[in-house]
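Me: Please take a close look at the sheet in this model. How are its strands ordered and paired, and what lies across them?

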Amino acid sequence: MNSIQLIHHEHYSVLTINRPQALNALNAEVFTEIDSVVSAKLPDSSRLLLVTGSGEKAFAAGADITEFTTLSGEEARNLSQHGQKIFDKLENYYLPTIALIHGYALGGGLELALACQMRVLTKKAVMGLPELNLGLIPGYGGTQRLPKLIGKGQALYYTLGSENMDADTAIKNGLGDFLVEDQHEGVLFVEKFASRLSGKSRIAASLAQEAILNGGGASGFDLESANFCKAFESEDMREGVAAFLEKRKPIFQHS
Ligand code: COA
């Protein structure tokens, strides 16, 4: 892969957008390469996918504006739908996806972060949807996902005014889930989470993940009960309960 890197560590994998010279702007190649990652499974040992940007300055400073100059309206619709489809895969990925945001996450870059299931911000994170400055609007899910996280009023304020949020504001608004000092601390945070996850049943983790991500409303409780039932039918549940009663650590077979 040219514009992203995918590296597997002991308990997690890292997708890094690797165009630091363009502040990791998302061009067609980046989208194609992200698509190839989120359309496939990671090695069994990986329990989550960390998404981040290379360099000190940016997570991703938006869609690559240089690709916009010759597009027709219809081509723009296709571009938007194509990006939405790829980000949907990320949002519904079978493992937790975590954006580690340092520096700029603007426009399409913020939309990429919004499509991740969790967001960890360093103190230097700067987030916003500046598309209106270009006479444009967000096209990769930003108008839909941002209001869900921060409410319609705040989403209108930040999108229509093209005002960026710093890390503290983003955490206060619910756009960021966790605040860390810097990239190093962010990676340690994710590593620790992945290591904790590695001791859990993959089946139970995925059932809980599905209930949390797809829940909400009355049907969410049904989904929870259905997945509770599936967990009860797993070998891992028998092992977990037996290990507790025998005062030992469980050894899950993920079955
Ligand atoms: N698309 C394409 N190239 C981009 C880009 C984008 N979204 N964002 C930054 N770049 C490029 C710049 O053109 C510049 O390239 P150059 O060195 O060949 O001139 C390089 O990345 C560095 O950016 P620069 O603007 O010089 O850095 P800065 O620190 O002065 O400013 C930003 C940083 C993020 C404020 C500024 O780059 C910016 O406003 N980017 C566009 C953000 C945006 O509107 N995103 C939404 C797109 S829909």
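Reply: Two strands are taken to pair if DSSP finds at least two bridges between them; strands (E, at least two residues) and helices (H or I, at least four residues) are DSSP runs, numbered from the N terminus. The model is predicted, so local features need pLDDT of at least 70 and side-chain atom pairs count only at pLDDT 80 or more, while totals for chains, interfaces and linings use all residues. Residues are numbered from 1 along each chain as its sequence is written, and side-chain values use heavy atoms, without hydrogens and water.

On these terms, six strands form an open sheet in the order 1-2-3-5-7-10. The pairing within this sheet is mixed. Its edges are strand 1, residues 4-8, and strand 10, residues 178-180; each of these edge strands pairs on one side only. From one strand to the next, the twist averages 20°.

At one edge, the partner of strand 1 is strand 2, formed by residues 13-17. Strands 1 and 2 run antiparallel and are joined by five bridges. Within this pair, I7 has V14 of strand 2 opposite it.

Helix 1, residues 28-38, lies across strand 1, strand 2 and strand 3, the last of these being residues 49-53; contact here means heavy atoms within 4.5 Å. The helix runs at about 25° to strand 1. For such angles, axes are lines fitted to C-alpha atoms, for helices over the stretch in contact, and the angles run from 0 to 180 degrees between N-to-C directions.
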